[in-house]
Amino acid sequence: MRVAFLVAELGRSGGMHVIRDHARHMQDAGDECQLVVCAPKLEGLPTADSGIPVTTLATARDDRFDVAVATWWTTAEALFEVQAARHVVFVQNLEHRFYRDRERADALGALGVLDLPVDYLVVSSHLRRVLERLRPDARTRLVPVGIDKQRFSSPPSAKPAGPLRVLIEGQPTLWFKGVAESVAAARAMREPATLTVVAHDPADVPGGFADRVEAGLSPDGMAALYAEHDVLVKLARFEGLGLPPLEAFHAGVPCVLTPFSGSEDYARHGMNSLVVGFDDDVGASAALDLLARDPALRTRLSQGALETAAGWPDQAAASAQFRSALEGLVAEPASDAQDGHRRLLRGRRLAIELSREEERRDATRLRLSAAAVEGQRAEAERHLHTISELRARKSYRAARFVNRLIGRGWYE
Amino acid sequence: VSRRIAIVAADGVAALHGLEGRFAWGEAWTFSPSDGEAIAAWGPETVIGLDGMPPEGPWRSIDFEAGGRRSVSTTAPGAWRRALLPAADDLMELQPHVGTGVVVAGGPEVERESVAGKLRSLSVEVHAVPCLTRDDLARAAVVALLGGSGQPPPAGATAVLAAGRVLLLPRAEPAFGLLAWSDHLPYENEDDLVRTADAAQTYPQAFEPLVALGVLAAEAHLASAVYQRLAVDAELEDAA
């Protein structure tokens, strides 16, 4: 197969690692893969990334592929510029959820990817249910993300007694990762604990945030870090799948986590994890205190974590499933996802209605701001008027005269 | 492990937040507050009161907002856990049968009637009710819950999502995992609410993604998930 992976950049995100793994595996199996960078500004682009040829969208337009795979919502815009027998969107998260209120345009753009007349590959059963519900006409295949078992699998070591060793993974600047909430929960524990935060970029971790901060670790470094800790805390708002708990499970480290989307594929409350509700700060601290007080529970959850890990596919198996899914889509007749056109138009209507509502709200805010400015101006005028009146009074003029006589500048 | 959980609630509350049936983790049945003897005869390990303290007995007691030793509350200081009242699992059965019009529920009557009046002036079919019921959910396409901004979502929010209706909420904080503009529509004032509700019931197909994502958001708040989690928490706590 000739496969074009449309990527927004050649970054170090977890999602990009997954794409590289699949592309490398497919190359090893004899397929021809390319990373097609769809960024508007292309400077210093390498000819290859991790052994996978890198090209630009302009070059890829003149080529022909069996499958073109969009991997991020902005790359989906270029999907039909690439000639391919099948057009696929690889969904690793519902990307519209990344954006907050003031980024509505991006959110609607990202949501629109689920309306395209394409086939979908998804990484979790949650995402599959979303697609099955929204796009029953489209072909959706679940392709799990594999774990590098050689790196992450380690028998749970006999950890020294002492405070509970709590590990929190995530970039504090990403609001949906719940890193600040995780830190707060650990800090509010009654039992003694040490706290490590591991992030992509140390510059984004405030000083004093944790007892120990690690950043930019290699997979080997992450594996060693999991093995050093008693529990991983992940109070995310949502994920596509959420790989760190699975990596921790391979080291026999249980998790305290929210029921974020994706976690239902592996988290079992009281068996390999302690699941706490969203925004349940007291519940998260209580779960950690419970683990600190109860070594038998830690051992039981650790065993449960290892059992879950044992049933999870490794990278080779997951990539083989990815390849097999693409092969299947190519072998089968092209999808008749005509509903995509209807959905696109409906999505456009949603964008119109929400944008219209936002315009109304902006206009209201503008009116309120203008009224507030007018109110402040009127108040300032009232103050000036009062000052003028005071200055006109005989008592004020007399005081000013006396001050001049004694050489002070008051009332000037 | 097969555990027994009894839910105690008055009929109206039970219809939105109760739980009945057998699950992978055990079974749960819902009783009325006067069914103390029936609960004792069944012999659950955990009894959860949804609208008051559960009856006393040889079981672990959990309550919602009643201030007991294991009290679940969205805001009360000293609460044992924080959570919204979960959605009855069987509300999912309402999803394929979407009603029409807008239900405006909760809040002071004067506010409710004001919203309803504005919606009627736009020729929108509207029902204003002090407390949301299962029948209200069944007949509506859109449900607006009244309440204050900057507070947890009003009671009934999870039920509306599970039933597959468009949910309008005052901007909630904390939101207990609900995501504004993704699984529900937030409003800042009465006029926002009226215009958004009008758009949602005029163009229901455009709002399908919101409903679908709302249903999936409700999964984390289903009674079968939440009550089991609370029961396990209490068991582990006692075993430690």
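**Exercise 1. Which helices of chain A and chain B each supply at least two residues of the lining of the second largest pocket?**

*Solution.* The structure is a predicted model.

Step 1. Establish the elements: α5 (125-134) of chain A, together with α7 (208-218) and α8 of chain B, each supply at least two residues of the lining.

Step 2. Identify the main contributor. The largest share of the pocket lining, 7 residues, comes from α8(B).

Step 3. Describe the space. The second largest pocket has a volume of about 1,100 Å³. Its lining comprises 42 residues, and the closest to the centre are A:Pro259, A:Glu264, A:Ala267, B:Ala225 and B:Gln228.

Step 4. Classify the lining: 21 residues are nonpolar, 10 polar and 11 charged.

**Exercise 2. Determine how many cavities of 30 Å³ or more the structure holds, and characterise the lining of the largest cavity.**

*Solution.* Step 1. Searching the whole structure yields 5 cavities of 30 Å³ or more.

Step 2. The largest cavity holds about 100 Å³ of space. It is lined by 16 residues, of which A:Val91, A:Asn93, A:Glu95, A:Ala110 and A:Val113 are the closest to its centre.

Step 3. Assign the lining to secondary structure. In chain A, α3 (73-76), β6 (83-91) and α4 (104-112) each provide at least two lining residues. The largest share, 3 residues, is that of β6(A).

Step 4. By class, the lining contains 12 nonpolar, 3 polar and 1 charged residues.

**Exercise 3. List the residues of each chain that line the second largest cavity, and give their division by class.**

*Solution.* Step 1. The volume of the second largest cavity is about 70 Å³.

Step 2. Separate the lining by chain. Chain A contributes A:Val275, A:Val276, A:Gly277, A:Asp280 and A:Gly283. Chain B contributes B:Arg81, B:Arg82, B:Ala83, B:Val226, B:Arg229, B:Leu230 and B:Asp233.

Step 3. Helix α8 (residues 223-239) of chain B accounts for the largest share of this lining, with 4 residues.

Step 4. The class division is 5 nonpolar, 2 polar and 5 charged residues.

**Exercise 4. State which residues form a nonpolar surface patch with A:Phe401, and decide whether A:Phe401 is buried or exposed.**

*Solution.* Step 1. The patch consists of A:Phe401, A:Val402, A:Leu405 and A:Ile406, which together have about 430 Å² of accessible area.

Step 2. Locate A:Phe401: this residue is found in helix α14 (residues 394-406) of chain A.

Step 3. Apply the cut-off. A residue counts as exposed over 50% relative accessible area. The relative accessibility of A:Phe401 is 53%, and therefore A:Phe401 is exposed.

Terms used: Residues numbered from 1 in each chain as written. Chains lettered and ligands numbered in written order. Predicted model: local features only at pLDDT ≥ 70, side-chain atom pairs only at ≥ 80, totals over all residues. Heavy atoms only, no water. 1 Å grid on protein atoms, 1.4 Å probe; cavity = no way out; pocket = protein on both sides within 12 Å on 5 of 7 lines; lining within 4 Å. Points joined across faces, edges and corners; volume = space filled by probe spheres on them. Nonpolar A, V, L, I, M, F, W, Y, C, P; charged D, E, K, R; others polar. Patch = residues over 30% accessible without salt bridge, like charges linked within 9 Å, V, L, I, M, F, W, Y side chains within 5 Å. Areas by Shrake-Rupley, 256 points an atom, 1.4 Å probe, with all protein chains shown as cover. Salt bridge = Lys/Arg side-chain N within 4 Å of Asp/Glu carboxyl O. Buried < 20%, exposed > 50% of the residue type's maximum accessible area, 1.4 Å probe, protein only.
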